[in-house]
Amino acid sequence: MASTMIVDIVSAEAQIYQGTAKMLFAPAVMGEVGIMPQHTPLLTKIKPGEVRVITEDDQEEYFYVSGGMLEVLPSGVTVLADTAQRAHDLSEAAAEEAKERAEKALADHKDDVDYAAAEVQLAEAVAQVEAIRKIKKRLGKG
Amino acid sequence: MAVGKEIRNQIKSVKNTQKITRAMEMVAASKMRKAQDRMTASRPYAEKIRNVISHLAHAHPEYQHTYMQARDVKRVGYIIVSSDRGLCGGLNSNLFRSVVRELAQWSKKGIGIDLCTIGTKSTGYFSRLGSKVVANATQLGDAPQIEDLIGSVKVMLDLFESGDIDCLYVVYNKFVNTMTQVPTVDQLVPIEKSDDKELEHHWDYIYEPEAKDVLTELLTRYIESLVYQASVENVACEQAARMVAMKSASDNAGGMIDDLQLAYNKARQAAITQELSEIVSGAAAV
């Protein structure tokens with residue numbers, strides 16, 4: 001049985017990551033999923049959050065995605081990210097700022113459309129901050 | 001020397017123009033390379049989605065999404081991708097000419113048209129023409145972002161879903177190479193099914209949440225990515241066309257300078273000869 005699978009992380013604008021991995025974690029809509037090689041075919045939406053890849057040589061890679069789709073085949077996993085960038089490119093300050101802005105927009109909502117948009121923005125910002133915090137913690141340990 | 005003052009000024013101004021066109025040529029060349037990179041970078045996404053969609057279509061042949069069903073055409077939609085700025089040769093006018101030709105064919109059959117314009121040039125052109133522009137996006141810059149396009153694409157897809165339009169096309173310039181850009185019309189919806197026999201298999205995905213939701217999201221993203229690709233490709237075309245246009249402008253300026261220089265030299269020579277003959281004949285008179 002193969003112990004590795006091919007992982008592709010692509011967004012509309014660029015290919016983010018390609019490589020072989022032992023395991024992949026992703027924030028699916030129904031809850032966080034961990035995918036190992038030979039997984040049964042699965043197609044799911046993913047929420048804003050962090051995609052974690054454990055590569056062949058036991059390195060961990062993190063990617064922030066703001067939603068998208070996840071396709072799992074026995075031979076590999078494809079993450080179709082809405083916007084994915086390398087997690088360490090994110091600045092915590094910018095994410096906090098975005099969160100504040102979204103919260104402010106949420107506080108004085110005028111109509112339902114704005115409210116919905118702000119809620120999405122807030123969810124994204126919270127997930128970003130969360131991802132950065134986790135990464136920082138891990139880096140601190142290692 | 002007073003001779004040829006006007007000519008000298010003219011030479012100077014042509015030289016200045018040449019400097020500008022040469023600079024624009026070089027800027028366009030480097031921007032074109034970047035745009036080409038973006039073009040290749042966006043390809044894997046569309047390919048992956050296309051794979052997933054054909055997997056899906058084969059796993060569920062009985063399930064037909066609205067975006068995949070062909071209907072009788074009563075009204076059509078066009079997304080027209082143009083550049084924001086001019087000075088790029090005949091790029092936009094070639095594109096518009098081919099669009100207008102298509103539109104004329106539709107209206108001959110009595111079929112109405114809704115337009116979505118991307119880029120300042122097409123917005124200006126088609127609103128002057130009096131076409132029905134239902135959505136637009138401008139000022140995308142050299143690196144279009146997919147967020148800037150989602151809104152206008154959604155407008156068109158909603159029209160399709162509500163049955164207001166029965167066919168949606170995207171029009172853009174296809175980048176062949178630096179010298180050649182071809183106005184291209186691609187059909188977006190209904191999506192043409194691929195007849196890939198290799199993909200036949202007997203398994204199905206587990207869907208979270210439901211197959212229908214997942215498929216809708218996928219198809220929407222697929223169409224968005226196609227429009228994104230069209231606009232990135234159009235940027236590459238714009239820069240290539242501008243580079244070529246500016247190169248020929250610089251060459252023309254060079255030719256003009258040569259001509260003017262010749263005229264100036266002749267005038268100077270004539271003035272000297274005249275002055276000499278005046279002196280000689282003056283001396284002879286004494």
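Guide: Two strands are said to pair if DSSP finds at least two bridges between them, and strands themselves (E, at least two residues), like helices (H or I, at least four), are DSSP runs numbered from the N terminus. This is a predicted model, in which local features need pLDDT of at least 70 and side-chain atom pairs count only at pLDDT 80 or more, while totals for chains, interfaces and linings use all residues. Residues are numbered from 1 along each chain as its sequence is written, chains are lettered from A and ligands numbered from 1 in the order in which they are written, and side-chain values use heavy atoms, with hydrogens and water left out.

Visitor: What makes β1(B) and β4(B) a pair?

Guide: Strand β1 (residues 75-81) of chain B and strand β4 (residues 167-175) of chain B share five bridges in the parallel sense, and therefore meet the requirement of at least two. Within this pairing, Ile79(B) has Val170(B) as its bridge partner. β1(B) also pairs with strand β2 (residues 112-118) of chain B, again in the parallel sense, over seven bridges, and there Tyr78(B) is partnered by Leu115(B).

Visitor: Why is strand β1 of chain B described as largely enclosed?

Guide: Six of its seven residues are buried, so the rest of the structure largely encloses β1(B); buried means under 20% relative accessible area, exposed over 50%, and partly exposed in between, with a 1.4 Å probe and protein chains only.

Visitor: Why does Gln239(B) count as buried?

Guide: Its relative accessibility is 2%, so Gln239(B), a residue of helix α6 of chain B, falls under the cut-off for a buried residue.

Visitor: What makes the link between Gln239(B) and Asp142(B) a polar contact?

Guide: The term asks for a pair of N or O atoms within 3.5 Å, where within protein one must be able to donate a hydrogen and the other to accept it, and residues adjacent in sequence count only if both atoms are side-chain atoms. The side chains of Gln239(B) and Asp142(B) are joined at 3.4 Å, and the distance therefore satisfies that limit.

Visitor: How do you know that Lys48(B) and Asp8(A) form a salt bridge?

Guide: A salt bridge is a side-chain nitrogen of Lys or Arg within 4 Å of a carboxyl oxygen of Asp or Glu. The separation from N to O is 3.1 Å, and the pair therefore qualifies. Three salt bridges are found across the interface of chain B and chain A, and helix α2(B) supplies the largest share of the side of chain B that touches chain A, seven residues.
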